[in-house]
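Please open the model in your viewer and keep the sequence panel beside it, since this tour moves from one selection to the next.

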Amino acid sequence: MKKITIAIDGHSSCGKSTMAKDLASAIGYIYIDSGAMYRCCTLFAMRNGLIAADGTIDEAEFERRMPEIQVSFKINSQTGRPDTYLNGACVEQEIRSMEVSAHVSPVAALPFVRAAMTAQQQAMGREGGIVMDGRDIGTAVFPDAEMKVFVTASDEIRAQRRYDELMAKGQEADFNEVLANLRERDRIDSTREVAPLRKADDALVLDNSHMTIPEQNQWLLDRFHEKISD
């Protein structure tokens, strides 16, 4: 049976990554976290002094150094989940920090960053059999994906999920700060000039505000089986 490409887009902290990982595991596909790729670009910029204290980005130098950024994913033998690697080094924990979260949307809005990451994503998914989540997977990266899902949930529920995730990892967090950051990311993601966050015309909508993880996983599995049986 031909393997298809599954694109899962949506707002930040909707649980896209969790559901995409679970779906990929259930059907034997490869999972690719596109958001982690933009977080890697942000971490690279922070490490190399390309983002000033006021948030200003040295775009000219950043663009010049983009060829130095290579993102890859490797399965963690203990968790069974893919970890994110920046130029061969695991950065899975570092890229999830609030500091990276505060800068990732402006970085991801830069045309040269999107072009470079889109090229890497398309190369990863050329043969199909992948589940990729992000902001523009079904609209810009894989507009011909056979299955597209757009995920959403209320602001407050998404902020609570993000807050709980940070606290579980032992990271300091303030709920109001997390909520404000989430709303600002939504604004930037939805209004950027290049590949803004939007629902693809042929995407299925999943509002998981009041769904459990098993319920959303079953919903996705049902939609997948419907798609491959068409």
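Begin by selecting G80, which takes a positive phi near 75° in the hairpin of β3 and β4, where six residues lie between the strands. Strands here are DSSP runs of E with at least two residues, helices are DSSP runs of H or I with at least four, and both are numbered from the N terminus. Before going further, note that this is a predicted model, in which local features need pLDDT of at least 70 and side-chain atom pairs count only at pLDDT 80 or more, while totals for chains, interfaces and linings use all residues. Residues are numbered from 1 along each chain as its sequence is written, and side-chain values use heavy atoms, with hydrogens and water left out.

**The sheet around the hairpin**

Now colour both strands of the hairpin: β3 and β4 pair in the antiparallel sense over five bridges, where pairing requires that DSSP finds at least two bridges between two strands. Within this pair, F73 stands opposite T84 in β4. Add β5, and you have an open sheet of three strands in the order β3-β4-β5, with antiparallel pairing. Its edge strands are β3 (71–75) and β5 (89–90), each of which pairs on one side only. Strand β4 (residues 82–86) is joined to β5 by two bridges in the antiparallel sense, and the bridge partner of L86 in β5 is A89. Next select helix α2 (residues 34–47), which packs on this sheet and touches β3 and β4; contact means heavy atoms within 4.5 Å. The direction of α2 makes about 35° with that of β4, where axes are lines fitted to C-alpha atoms, for helices over the stretch in contact, and angles run from 0 to 180 degrees between N-to-C directions.

**The sheet of five strands**

Keep α2 selected, because the helix also lies across β2 and β6, running at about 40° to β2. Now show the open sheet with the order β2-β6-β1-β7-β8, whose five strands have parallel pairing. The strands β2 (30–33) and β8 (204–207) stand at the edges with a single partner strand each, so one side of each is left without a neighbour in the sheet. From one strand to the next, the twist averages 20°. Zoom in on β2 and strand β6 (residues 130–134), which run parallel and are joined by four bridges, and find D33, which stands opposite D133 in β6.

**Two helix pairs around α8**

Select helix α4 (residues 98–108) and helix α8 (residues 175–191), whose axes come within 8 Å and cross at roughly 20°. That makes α4 roughly parallel to α8, given that angles under 35 degrees count as roughly parallel, over 145 as roughly antiparallel, 65 to 115 as roughly perpendicular and the rest as oblique. Among the residues that make the contact are M98 and V104 of α4 and V178 and I188 of α8.

Replace α4 with α7, and you will see that α7 and α8 pack at an angle of about 120°, with their axes 9 Å apart. The two helices α7 and α8 are therefore oblique to each other. Their contact includes Y163 and L166 of α7 and L179 and L182 of α8.

**A last stop in α7**

Which side chains meet in a salt bridge of 2.8 Å, N to O? They are those of D155 and R158, a salt bridge being a side-chain nitrogen of Lys or Arg within 4 Å of a carboxyl oxygen of Asp or Glu. Both residues, D155 and R158, lie in helix α7 (residues 155–168), three residues apart, about one turn of the helix. The structure holds 17 salt bridges.
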